[in-house]
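Me: Please zoom in on one part of this model and take me through it in a single connected answer. I'd like to know what it looks like and what sits around it.

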Amino acid sequence: MNQQQTHHPEHHIGLGTYVAVFVALMVLLVVTVAMIHVDLGRTGGFIVAMLIASVKALLVMIYFMHLRTARALTRLFVVFGFFWFAILVVITLSDYLTRAGWPPRV
Amino acid sequence: MNRIATAASEEPSYLGGEHSIKSWLLTKDHKRIAVLYLISVTLFFIVGGIAALLVRLELLTPAGDLLTADGYNRAFTVHGIVMIFFFLIPGIPAVLGNFLIPLMIGARDLAFPRINLLSWYLYIVGGLIAVVTILLGGVDTGWTFYTPYSSVYANGAVVLTGLAAFVAGFSSILTGLNFIVTIHKMRAPGMTWFRLPLFVWAHYATSLIQMLATPVVALAILLVVIERAFGFGIFDPAVGGDPVLFQHLFWFYSHPAVYIMLLPGMGVMSELMAAFSRRRVFGYHIIAFSSLAIAALGFLVWGHHMFVSSQSPYAGLVFSILTMMVAAPSAIKVFNWTATLHKAEVRFDAPMLYALGFLGLFLIGGLTGVMLGTLGLDVHVHDTYFVVAHFHYVMVGAVVMAFLGGLHFWWPKMFGRMYPQLPARISAVLIFIGFNATFFPQFVVGYLGMPRRYWEYVPEFQIYHVMSTMGSFVLGVGYLLPLIYLLWSLRYGEKASENPWDAVGVEWLTPSPPTSHNFHETPTVVWEAYEHEMFPGSEVASGRPAAVPSHSRLAEAD
Amino acid sequence: MNHSHTAESDARLFHQFADMEQQHESWSLGMWVFLASEVLFFGALIFSFLLYRSVYWPTFLEGTHELDLVIGGINTAILLTSSFTMVLAVYTAQNGNHRMAAFWLIVTSLLGLAFIGVKIHEYGLKWEHHLIPIQGLEFEWHGEHPQQARMFFSFYFTLTGLHALHVLVGILAIWVVAYRVAKNHFGNDYMPVEIMGLYWHFVDLVWIFLYPILYLFRA
Amino acid sequence: MQEFPILPERASTIAGEVDALFWGLVAFSVIAASAVIGIVLYLAIKYRAGSAADRSGRVEGNFKMELAWIATAVVLGIAVFTAGAKVYFDTVYAPADALHVYVVGKQWMWKIEHPEGPREINELHVPVGRPVRLTITSQDVIHSFYVPEFRIKMDAVPGRYTQAWFQATQPGVYHLFCAEYCGTEHSRMIGRVVAMTPADYEAWLESQKAGAVVASAATAGGTMASRGEQLFVGLGCASCHVQGPQARGPSLVGLMGTEVTLADGSTVVADEAYIRESILNPAAKIVAGWTPVMPSFQGLVSEEDIFQLIQYIQSLSRPGGASQ
């Protein structure tokens with residue numbers, strides 16, 4: 001349970017990486033806005049937009065929030081947060097989807 | 001017999017020091033905050049108890065003659081909101097958990113003492129808002145705030161009550177946060193995860209639920225408050241809103257909340273069974289993991305509150321099968337507690353009587369829970385007194401018994417005074433009898449079809465309500481007794497030794513009551529959980545060298 | 001409350017922690033656990049919104065067209081930049097340059113204020129178009145279902161309002177941290193800035209999802 | 001001392017099944033609880049401190065026993081679940097030939113309507129021996145239609161229809177309760193369900209019809225369908241929904257229960273909920289080939305009116321129904 005790590009393990013994310021990630025985020029922003037002109041249908045557009053947003057979110061979490069160098073325990077709690085949200089979504093949809101087909105009859 | 005306790009005996013106890021208002025109201029000592037919580041939680045228990053008494057008196061007669069219909073509705077709502085949000089949810093974690101977790105893992109305090117104090121202040125602010133709304137006439141929506149009644153039709157102070165619950169919920173999140181970080185990061189050297197007392201395991205699982213479930217009900221109640229204040233209509237079917245979505249968001253929290261209340265009780269139960277059987281708990285690892293299993297599975301079953309609420313039959317199947325799965329970890333715990341008594345040295349002190357009371361009432365509560373999780377049966381008994389009896393057996397029977405058992409077990413450690421054993425034993429038996437007399441008839445009248453939250457009812461149910469109200473008087477006396485002799489013991493009780501019950505645990509190495517910094521030096525744990533032979537504080541091993549105080553975390557035994 | 005002050009410039013070790021590393025890990029884990037609970041809070045609200053959007057998608061589509069895509073995009077860019085400046089603050093704090101760290105913190109908070117300013121401007125637009133769904137205010141909707149449109153805008157104001165509230169709290173916290181960093185209260189301890197950064201990045205994360213959900217579904 | 005009831009009367013076909021399930025679970029619980037309590041007391045007394053019992057060879061844990069206990073708990077759970085699910089599915093889907101009754105929950109009364117015409121407040125007369133299907137909704141908050149003697153319960157949720165059915169087996173008068181808290185007079189929102197022999201039921205129907213003729217024209221006696229027709233004309237539906245070239249809305253003859261293709265190509269079954277939604281929120285589902293000109297009738301029609309319109313539209317599907 002004792003960790004013999006150096007005093008400041010997070011140090012080795014360089015400035016260059018931060019700038020690269022920032023540029024990537026801006027590019028993805030432009031891409032996601034541009035995607036609205038591509039007609040992929042309702043669900044298609046939704047999935048693509050969510051994918052881009054997830055990539056941006058991952059970039060921020062891994063590099064800006066230092067998850068890359070974080071301990072396994074911290075990553076575990078990140079996974080807990082999103083997994084429990086998935087439980088809420090999936091099981092609640094099990095009710096809405098089977099009520100009277102899609103779109104759910106509110 | 002050099003113990004950490006003797007080395008620190010000159011230091012004043014956490015109660016000793018200064019006694020100014022500021023030293024109490026701005027304390028960062030987890031033990032003082034636990035005492036503040038104990039006082040405020042007891043006061044709210046009394047407020048909720050009075051509301052319960054009003055409800056029981058009204059139900060003595062089929063006609064509504066004591067209170068008006070609106071008065072009765074507000075009384076049971078006060079009973080529900082105060083008992084759940086201001087007694088059961090904080091209850092064991094905030095009082096016993098706050099006091100004991102740092103002591104049990106050999107830490108000087110919780111990870112974030114200031115956030116711990118903030119948690120108490122949020123609880124008090126929420127409590128005051130709730131008291132103000134009660135004085136303003138309260139609300140008549142029930143503690144469930146079902147829409148569209150709560151958001152459109154109710155005429156009480158729903159906005160204020162919603163804010164009270166929201167603030168109290170945030171206090172619960174902060175307590176959970178504190179416990180998770182403390183248990184992960186501040187265990188003394190040698191205190192590995194599998195040497196942790198099961199009390200700490202249970203609170204770890206509870207904190208996970210507090211962190212992951214409370215935000216969703218905070219949002220649900222916030223939406224009801226916003227909808228009522230601004231007329232947004234998210235849950236108002238007249239404008240196309242979906243009232244059942246509120247039920248999904250509400251019960252997504254409120255079923256795990258049942259385990260927020262129950263798991264700490266199970267943690268206390270494991271400690272009591274181990275201490276008063278004077279042996280290691282049977283199947284330590286299984287009990288520890290079953291706490292985590294309850295926390296995880298507890299999130300999958302909320303739909304069994306909504307079987308007849310226009311939820312689709314398919315979803316009913318999904319929730320019913322998952323409810324059966326969540327019953328398994330609880331069954332395992334009962335099996336292991338029973339097996340702990342095998343080849344044990346059982347002593348029937350007061351805490352043990354509360355523990356056995358817990359076991360009996362939890363059995364009935366748990367088994368009727370399985371009945372309610374069965375689809376075919378729930379259609380008939382949903383929203384009847386059968387459900388009222390079930391959740392009182394688990395919430396009041398099991399959890400309050402565990403709270404009192406834990407309070408009696410750690411009272412000498414918390415206040416350095418021993419209470420008289422005879423009245424304690426009498427009150428344990430009285431509560432058990434009074435409880436069964438109050439709530440068992442409700443099972444029968446529930447199956448007969450008596451709906452919940454009825455101000456007036458049909459005459460043929462009266463016999464059961466009379467029995468129940470008589471039982472509630474016995475229960476009331478049973479609850480008052482501890483208040484008397486425990487307060488009495490504060491002044492006149494005989495001084496308690498460090499380990500009056502000869503139990504195993506780092507908290508029993510500190511003086512009673514402990515010093516404000518818990519340990520002169522952080523102890524090193526060399527004994528397995530509940531291992532009397534290796535535990536320096538127990539009589540069996542007296543005369544052996546005390547736990548080797550180590551100066552820094554890195555000097556490790558193992 | 002005695003906490004050992006080894007040296008003026010050295011970090012402040014709280015009494016309940018054995019050493020600085022334990023303190024750092026505890027703070028970091030504490031913030032991440034809190035952010036996990038916030039994921040549930042915003043997640044449940046976004047899920048409810050998406051559920052209603054799937055049922056009343058024609059009216060919600062008209063509602064989305066009512067929102068200005070460009071302003072939303074600018075706001076997203078502002079928040080992404082503020083995330084970047086916050087990372088610079090943490091980076092400079094790690095290097096012990098607390099003066100620059102304070103500077104970048106202030107820049108981040110100013111970007112946050114800019115975000116709030118744009119938000120207020122957007123709300124002003126809704127006010128002019130009589131699209132505030134609050135009862136008592138006249139709600140002007142020439143489309144098919146005014147009630148469903150009111151629901152779209154109530155979700156819009158709840159989502160963006162709660163997010164803006166979190167941004168405001170973040171700005172206040174940044175000012176406190178920036179002041180103390182400037183006064184060198186933390187010495188070479190960069191952890192307070194790192195924790196502040198975690199919260200700020202989370203607030204940015206929420207907006208990364210809110211922007212496409214509210215502004216970009218126009219098909 | 002009045003009679004000491006333990007169980008509500010078994011007055012419907014499923015009551016027996018539910019009670020059997022209940023007694024099965026009670027028996028299982030009594031056995032399990034007494035077994036555990038028995039073992040606990042036996043062990044506690046045998047191994048009480050100071051007793052001379054042999055305490056050598058203490059077992060710290062026994063993984064096999066634990067697994068066995070987990071397995072039994074899970075298997076028992078699945079068994080109980082299946083038994084419960086079987087009984088549940090008998091209460092979900094009503095048989096086709098069921099007598100149809102419309103129930104509207106309103107703050108603090110039950111308004112019940114029979115297609116044959118009678119309208120009742122807090123009372124429901126049904127024949128014995130025939131399945132009765134209830135279509136339930138609410139006008140304001142959530143209520144719950146609960147008849148303990150029939151062991152059925154279904155929430156009345158505003159904004160949508162919920163279904164429940166029962167088949168009375170014994171003539172008699174049974175309780176009708178509201179089981180979901182709905183406000184101040186929640187406990188007064190109760191009534192009676194009168195199960196009668198088919199002959200008495202027919203006699204009751206006739207008396208209701210006779211009584212209705214005497215009542216003023218406004219309550220317009222006759223069947224729900226006839227009242228629906230009057231609404232259909234009164235509200236101006238007839239001016240658009242006609243057969244032939246000058247129709248501005250799809251003809252409703254033979255609509256009930258058929259598949260309808262919508263403007264966006266998807267198809268939906270024209271059931272009661274579809275008709276209700278089309279009346280209150282016409283633009284939600286526009287029939288293929290028609291322009292969305294129909295105004296919304298939200299607030300202009302009450303829940304009973306919609307039930308009557310549904311009955312009228314249903315009567316158009318039956319051969320020889322009222323001509324249009």
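Reply: Here is a walk through helices of chain B and the neighbours they meet, with a short look at the other chains at the end.

A bit of bookkeeping before the tour. This is a predicted model, where local features need pLDDT of at least 70 and side-chain atom pairs count only at pLDDT 80 or more, while totals for chains, interfaces and linings use all residues. Residues are numbered from 1 along each chain as its sequence is written, chains are lettered from A and ligands numbered from 1 in the order in which they are written, and side-chain values use heavy atoms, leaving out hydrogens and water.

Let's start with α5(B), which covers residues 91–105 (helices are DSSP runs of H or I with at least four residues, strands runs of E with at least two, numbered from the N terminus). With 15 residues at 1.5 Å each, α5(B) should span 21 Å (1.5 Å times one less than the number of residues), and its end C-alpha atoms are indeed 21 Å apart. There is a kink to look for, though: α5(B) bends by about 50° at B:G97 (the angle between axes fitted to the seven residues ending there and the seven starting there). 15 of its 15 residues are buried, so α5(B) is largely enclosed by the rest of the structure (buried is under 20% relative accessible area with a 1.4 Å probe and protein chains only, exposed is over 50%, partly exposed lies in between). Just after the helix, B:G106 takes a positive phi of about 75°.

Further along the chain sits α12(B), residues 313–340. Its 28 residues should span 40 Å, and the end C-alpha atoms are 42 Å apart, which agrees. Here 21 of the 28 residues are buried, so α12(B) is also largely enclosed by the rest of the structure.

Then come the helices that pack against other chains. α13(B), residues 350–373, packs with α1(D), residues 13–46, at an angle of about 160° with the axes 10 Å apart (axes are lines fitted to C-alpha atoms over the stretch in contact, and angles run from 0 to 180 degrees between N-to-C directions). α13(B) and α1(D) are therefore roughly antiparallel (over 145 degrees; under 35 is roughly parallel, 65 to 115 roughly perpendicular, the rest oblique). On the chain B side, B:L356, B:L359, B:L363, B:L367 and B:M371 make the contact (heavy atoms within 4.5 Å). Their partners in α1(D) include D:F22, D:L25, D:V26, D:F28, D:A32, D:V36 and D:V40.

Chain C has a packing partner in chain B too. α10(B), residues 243–277, and α1(C), residues 20–55, have axes that come within 12 Å and cross at roughly 160°. That makes α10(B) roughly antiparallel to α1(C). The contact uses B:L245, B:L249 and B:F252 from α10(B), against C:L40, C:A44, C:S48, C:L51 and C:Y52 from α1(C).

Two single residues are worth clicking on. B:L483 lies in α17(B), residues 462–492, and is partly exposed at 32% relative accessibility. Leaving aside residues up to four places away in sequence, B:L483 touches B:T42 and B:I46. By contrast, the C-alpha atoms of B:L483 and B:G446 are 32 Å from each other, with their positions 37 residues apart along the chain. The other one is D:R58, in the loop between α1 and α2 of chain D. D:R58 is partly exposed too, with a relative accessible area of 26%, and reaches across to B:S277, B:R278, B:R279, B:K343, B:A344 and B:E345.

While you're in chain D, have a look at α6(D), residues 272–280: seven of its nine residues are buried, so the helix is largely enclosed by the rest of the structure. Among the buried ones are D:Y274, D:I275, D:I279 and D:L280. Their cover includes strands β1, β5, β8, β11 and β12 together with helix α7, in chain D.

Finally, the other two chains. Chain C has six helices and zero strands, and its C-alpha trace spans about 70 × 35 × 30 Å along the principal axes. Of its 219 residues, 64% count as buried. Chain A has three helices and zero strands, and 41% of its 106 residues count as buried. Looking at contacts with a separation of 6 or more, residues 24 or more positions apart account for 76% in chain C and 60% in chain A.
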